[in-house]
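Me: I have a protein structure open and I'd like to learn how to read its side-chain features. Can you walk me through it?

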Amino acid sequence: MEEESSDSAPKAHVRTRNNVPDSTEEEYYRRAVYVPYLDDFCNSLKERFESHKATVASLQHILPEFCTKTEFYSLEAAFNFYEEYLSHKEVVQSEFMSWKEKCSQEKSENLPKTTISSLEKCDKTFFPNIYILLKLLAVVPVSVATVERSFSSLRRLKTYLRNTTSESRLNGLALLIETLK
């Protein structure tokens, strides 16, 4: 009869949910809830921004470094996506040809390398649609990835270290993560 009582005794930390081993409650929570949630969240972000991949790749052709080597059809995805902000297709196409001609007249070492420097070189009066596309290109990377990455890193830090670190250490760790990326 003693054997029966030892077999029927409740066991500590036995869980069958998700077949996740759980040496501690924190470990169980991390493996059963937090990691699957984070995985689903990351996959949702990838799916959300996958459709913008072709648009951003197309927008890069407006930069002087690339526009001298491409034709207007390479901007089709960007034009179709931002059509409501631009003039008629023929107007944008002729502007692109003029922009391409202007860029090809400059020496390659004098061409702007970044979107911001291209915006400074672009005359808004002569190239209003090109200027709009350059502004959109300048804003897209910030709105899509950089800010979300830093907030995501900070959120992971806070969740894991919330009860064990001070505010100044948390800020230092967040800055360290951003400089390492």
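**Reading the side chains**

Reply: Sure, let's begin with disulfides, meaning a pair of cysteine sulfur atoms within 2.5 Å: by this rule the count comes to 0. Keep in mind that this is a predicted model, where local features need pLDDT of at least 70, side-chain atom pairs count only at pLDDT 80 or more, and totals for chains, interfaces and linings use all residues. Residues are numbered from 1 along each chain as its sequence is written, and side-chain values use heavy atoms, with hydrogens and water left out.

Me: Why is there no bond between Cys67 and Cys103?

Reply: The closest cysteine sulfur to that of Cys67 is the one in Cys103, and at 3.9 Å it is too far for a bond. As for their surroundings, "buried" means under 20% relative accessible area, "exposed" over 50%, and "partly exposed" in between (1.4 Å probe, protein chains only). Cys67 has 0% relative accessibility, so it counts as buried. Cys103 is buried too, with 5%.

Me: Next, charges. How many salt bridges are there?

Reply: The general idea is that side chains of opposite charge can pair when their charged atoms come close. The rule asks for a side-chain nitrogen of Lys or Arg within 4 Å of a carboxyl oxygen of Asp or Glu. Here that gives 3 salt bridges.

Me: Which residue does Lys100 pair with?

Reply: Lys100 meets Glu71, at 2.8 Å from N to O. This pair links distant parts of the chain: Lys100 sits in helix α5 and Glu71 in the loop between α3 (64-67) and α4 (76-81), 29 residues apart. Helices here are DSSP runs (H or I, at least four residues), while strands are E runs of at least two, numbered from the N terminus. Is each partner buried or partly exposed? Lys100 is buried at 15% relative accessibility, whereas Glu71 is partly exposed at 36%.

Me: And where are Glu76 and Lys89?

Reply: Glu76 is in helix α4 and Lys89 in helix α5, 13 residues apart. Their side chains form a salt bridge with an N to O distance of 3.0 Å. Glu76 is partly exposed at 23%, and Lys89 is partly exposed at 33%.

Me: What about Glu106 and Lys121?

Reply: Their closest N and O atoms are 3.4 Å apart. Glu106 lies in the loop between α5 and α6 and Lys121 in helix α6, so this salt bridge ties together parts 15 residues apart in sequence.

Me: How do I read aromatic pairs?

Reply: Look at the rings of Phe, Tyr and Trp (its six-membered ring): they pair if their centres lie within 6.5 Å, and planes under 30 degrees apart count as stacked, over 60 as edge-to-face and the rest as tilted. A search of the whole structure finds 6 such pairs. One of them is Trp99 with Phe127, which is edge-to-face, with 5.4 Å between centres and 75° between the planes. Trp99 is in helix α5 (residues 89-105) and Phe127 in the loop between α6 (115-121) and α7 (128-161), 28 residues apart. Both residues are buried. Ring pairs also link Phe72, Phe79 and Phe96 into a cluster.

Me: Which residues touch the most other members of the largest nonpolar core?

Reply: A nonpolar core is a set of buried Ala, Val, Leu, Ile, Met, Phe, Trp, Tyr and Cys residues joined through side-chain atoms within 4.5 Å. The largest one has 24 residues, and Ile62, Phe96, Trp99, Cys122, Ile130 and Leu134 touch the most other members. Its largest share, 6 residues, comes from α7.
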